[in-house]
Amino acid sequence: MTGTPADTGFIDRMDAINRSNLKRSLRVIFAGGKRTIRILAARPSLFLAGARLHLHQKRTAKVRKKAREGGLDVPVMMLVSITSRCNLSCRGCYMLQRKPRPEPEMTLDELMSVVSQAEDLGVSVVAFVGGEPLLRSQDVFSLARSFPNLLFTISTNGTLIDGNVAAELAGCSNLVPFISLEGFQKETDSRRGQGVYDRVLAACSLLSTRLLFFGCAVTVSRNTISEVLDESFIRTMIGAGARAFIFIQYVPAEPGTEDLVPTPEQRRLLIASMDEFNRKYPAFFIGIPGDMEMFDGCLAAGRGFVHVNPYGDLEPCPVVPLSDVNLRTVPLRQALQSRLLRAIRSNHTSLRANGRCVLRTDPLWPEKTASKK
């Protein structure tokens, strides 16, 4: 159940999109004469870091291609939930729906090993998610500094960003923070807690003052899509310093929230808006999961990305707590070929229906699918 020749076009598209995304980000960072001069004066190493990351993306694409020719699917991105802990309790958070675990979270040394293996295999991007990753901020910074050729992103609620954290972020040119929110104050505070929106704007101010490249991770639900795609929201966040926007379609992790999933028409609007926004605004825009037809189905389970939970389990994606292998005992190369992940990759075209994840609605799907073969 490894890759097939029919997948070659998909892999080429993924690599092309990955390179294009990095190029667009670099153009946004250095857009505008006066701003570019200020950035280079304040952070002269940033240009060299960008060039190094760009070259590394090309190298990793070649490494992944060679691995695939040998029967190993290596994803472009690895998401790492560095902790399950969080200082907020946002409604609908996938991590809150998981059962408590008695064992400790992965240590820094264990995380170093996982990231090192990922780099060797050709993973291009490591995305820190959670929980709230900045509850382990020093581990995040240590990892980013230890692997300067890798591009790291960190999804944070922004409330723990103070002057010290902003200074540390400024010292890691390969680490891009994305601050999560739902829209304006009413929507953000309704889900994340009273006063969070104002704290997000304060965090943006700290990052902007240091001329950091940072972005917003915006949850898109059926009720909020008109607001977050409105010009007033986009311009407000660009004015706050954000230069990258990731729009994440809501996946119902909490029972009873299925009616928040965007409609098919809304999902099409989201995809169409990304191209328009990239032409119109001085920022970088991407929608997730994006146009599934473009990618021939679900990208989870190592086909485009894979998820490592705080305890080392290798999972298809953050909202699907299924695993049959643990990176504390199994090398990443071997883990990517687990029975569960292979079954999901081999049936990627049937994993998404009307914006809902089949793996969440039917957790036994992988077993039932594998048993038919």
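# Exercises on salt bridges, burial and cores

Arg 85 has a relative accessible area of 41% and is therefore partly exposed, where buried means under 20% relative accessible area, exposed over 50% and partly exposed in between, computed with a 1.4 Å probe on protein chains only. The model is predicted, so local features need pLDDT of at least 70 and side-chain atom pairs count only at pLDDT 80 or more, whereas totals for chains, interfaces and linings use all residues. Residues are numbered from 1 along each chain as its sequence is written, and side-chain values use heavy atoms, with hydrogens and water left out.

**Exercise 1.** Find the salt-bridge partner of Arg 85 among the side chains, and place the pair along the chain.

*Solution.* Start from the criterion, a side-chain nitrogen of Lys or Arg within 4 Å of a carboxyl oxygen of Asp or Glu. Glu 105 meets it with Arg 85, at 3.5 Å from N to O. Both residues lie in the loop between E1 and H4, 20 residues apart, the helices (H or I, at least four residues) and strands (E, at least two) being DSSP runs numbered from the N terminus. Next, compare the burial of the partner: Glu 105 counts as buried because its relative accessibility is 16%. Finally, extend the search, which shows Arg 85, Glu 105, Arg 136 and Asp 139 linked in a network of salt bridges. The whole structure holds 15 salt bridges.

**Exercise 2.** Describe the salt bridge between Glu 110 and Arg 328, and say which parts of the chain the pair ties together.

*Solution.* The side chains come to 3.2 Å, N to O. Glu 110 belongs to helix H4, and Arg 328 to the loop between strand E9 (314–315) and helix H12 (332–335), so the pair ties together parts that are 218 residues apart in sequence. As to accessibility, Glu 110 is partly exposed at 28%, and Arg 328 is partly exposed at 31%.

**Exercise 3.** Locate Asp 73, decide whether it is buried or exposed, and list its side-chain partners.

*Solution.* Asp 73 sits in the loop between helix H3 (45–69) and strand E1 (77–81). Its relative accessibility is 8%, which means that Asp 73 counts as buried. One partner is Arg 68, with which Asp 73 forms a salt bridge whose closest N and O atoms are 1.9 Å apart; Arg 68 is itself buried, at 18%. Another partner is Arg 345, joined to Asp 73 through a side-chain polar contact of 3.4 Å, that is, a pair of N or O atoms within 3.5 Å of which, within protein, one must be able to donate a hydrogen and the other to accept it, while residues adjacent in sequence count only if both atoms are side-chain atoms.

**Exercise 4.** Identify the residues that touch the most other members of the largest nonpolar core, and examine Phe 245.

*Solution.* A nonpolar core is a set of buried Ala, Val, Leu, Ile, Met, Phe, Trp, Tyr and Cys residues joined through side-chain atoms within 4.5 Å. The largest has 90 residues, and Met 78, Phe 245, Phe 247 and Leu 314 touch the most other members. Helix H8 (residues 196–209) gives the most to this core, with 6 residues. For Phe 245, apply the contact criterion of heavy atoms within 4.5 Å: leaving aside residues up to four places away in sequence, those touched include Cys 216, Ile 234, Met 237 and Phe 284. A second, separate core of 10 residues includes Leu 53, Val 176, Phe 213 and Ile 246.
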